[in-house]
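Biologist: I'd like to go through this one label by label. Can you tell me what stands behind each word you use?

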Amino acid sequence: MSGLEKWTFLVLSATEFILGMLGNGFLVLANGSSWCKNKTVSLSDFIITNLALSRIVLLWILLVDGVLMVFSSKVRDEGIVMQIIDIFWTFTNHLSIWLATCLSVLYCLKIASFSHPTFLWLKWRVSRVVVCMILGALFLSCVSALSLIQEFKIYSVLRGIDGTGNVTEHFRKKRNEYKVFHVLGTLWNLPPLIVSVAAYFLLILSLGRHVEQLQQSGISSRDPSTEAHQRAIKIIVSFLFLFLLYFLAFLITSCSYFIPGTEMVIMIGEVVTMFYPSGHSFILILGNQKLKQTFVEMLWCEPGLRKPGFKGPFAP
């Protein structure tokens, strides 16, 4: 790989890292200062703050991994270094994805309107449901990180087996076991994706029914409830789009275990991977009236811009 390609990768990674730190850092500071000032925090702000914190850690892990890949690939490929990076990456990756999913479910239960008994039961207990999801996300993230131990044991065996001669049956068996564990590891991302897609379709159905009722009543469709539906749908759709790119990039980087000599492909995967935790933070800022107003004030350094009586993302 040429020096130009390496420096291009470093510049892109550093740019995404800086933008991601600015966006996620702003979310933490804005919600944190509001929390300290008001001595209370809403469930949505709590999720967004922890989501931003997990992505800050994730961005640091990705940056360190990229720097090691460029300047010290041998150190990066050593067993202990790779295990430390993968364990922290796996934990923060799954925690970040599940927290974003919890946010999608919260939007859906707060905004969507259905008369089905199951949905009403969940809607009336929205705080309890989301808190249970957060605790479950933390548990699943720990389990996914601990599951890497067995995968690393198999990988260590593979590295110790000499495959230059006749490939033994033991080698084939261990290699197949490693591939199975590695593929199953990527499947941890599917449940939160399915839950987010379900929340998206429920919001679409709720918005369609709401607009139809307004048209039958002769009321303008530009009411606060419709705008809340549309705002939540934009946030969830952006999450799904970025997450699909992130998932594909994650698969590309995971293939580095099986395909030697693919440094350029891995670097592209790393750049695309960093785009998700960086870009989604700005979508969350623009989708929240309070955060958007604070962000504009910070950019223009005009504290008098804020208008009284702003409405949050769940305001009717």
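Modeller: Sure, starting with burial: under 20% relative accessible area is buried, over 50% is exposed, and anything in between is partly exposed, using a 1.4 Å probe and protein chains only. This is a predicted model, where local features need pLDDT of at least 70 and side-chain atom pairs need pLDDT 80 or more, while totals for chains, interfaces and linings use all residues. Residues are numbered from 1 along each chain as its sequence is written, and side-chain values use heavy atoms, with hydrogens and water left out.

Biologist: Why is Leu 51 called buried?

Modeller: Leu 51 has 0% relative accessibility, and the limit is under 20%, so buried it is. Leu 51 lies in helix H2, and its C-alpha is 5.9 Å from that of Leu 99, 48 residues apart along the chain. Across the protein, 43% of the 316 residues count as buried.

Biologist: What makes something a helix in your book?

Modeller: A helix is a DSSP run of H or I with at least four residues, a strand is a run of E with at least two, and both are numbered from the N terminus. By that rule the protein has twelve helices and zero strands.

Biologist: And Ile 56, buried or exposed?

Modeller: Buried, because its 16% relative accessibility falls under the 20% limit. Ile 56 also belongs to helix H2. Its C-alpha and that of Gly 23 are separated by 9.5 Å, with their positions 33 residues apart along the chain.

Biologist: How many aromatic pairs does the structure hold?

Modeller: Four. Rings of Phe, Tyr and Trp (for Trp, the six-membered ring) pair if their centres lie within 6.5 Å; planes under 30 degrees apart are stacked, over 60 edge-to-face, and the rest tilted.

Biologist: Why is the pair of Phe 17 and Trp 60 called edge-to-face?

Modeller: The centres are 4.8 Å apart and the planes meet at 75°. The distance is within 6.5 Å and the angle is over 60 degrees, so edge-to-face is the right label. The pair links distant parts of the chain: Phe 17 is in helix H1 (residues 3–38), Trp 60 is in helix H2 (residues 43–71), and they are 43 residues apart.

Biologist: How do you know which class of accessibility Trp 60 belongs to?

Modeller: Trp 60 comes out at 43%, and that value sits between the 20% and 50% limits, so Trp 60 is partly exposed. Phe 17 has 11% and is buried.

Biologist: What makes Phe 114 and Phe 119 an aromatic pair?

Modeller: Their centres are 5.1 Å apart, and the planes at 80° make the pair edge-to-face. Phe 114 is buried at 14% relative accessible area, and Phe 119 is buried at 9%.

Biologist: How do you know that Arg 55 has its charged end over the ring of Tyr 276?

Modeller: The charged end is 4.8 Å from the ring centre. The rule asks for NZ of Lys or CZ of Arg within 6 Å of the centre and within 35 degrees of the ring normal.

Biologist: Which residues make the nonpolar surface patch?

Modeller: Phe 241, Leu 245, Met 264, Ile 268, Val 272 and Phe 275, over about 510 Å². Patch residues have over 30% relative accessible area and no salt bridge (a side-chain nitrogen of Lys or Arg within 4 Å of a carboxyl oxygen of Asp or Glu). Nonpolar side chains (Val, Leu, Ile, Met, Phe, Trp, Tyr) are joined within 5 Å, like charges within 9 Å. Areas come from Shrake-Rupley with a 1.4 Å probe, and for residues only the protein chains shown count as cover. Met 264 has 36% and is partly exposed. Helix H11 (263–286) gives the largest share, four residues.

Biologist: What does the side chain of Ser 278 reach?

Modeller: The backbone oxygen of Met 274, at 2.9 Å. A polar contact is a pair of N or O atoms within 3.5 Å; within protein, one must be able to donate a hydrogen and the other to accept it, and sequence neighbours count only if both atoms are side-chain atoms. Ser 278 lies in helix H11, and its 5% accessibility makes it buried.

Biologist: Why is Lys 39 called exposed?

Modeller: Its 70% relative accessible area is over the 50% limit, so exposed fits. Lys 39 is in the loop between H1 and H2, and its phi is near 60°, a positive value in a residue other than glycine.
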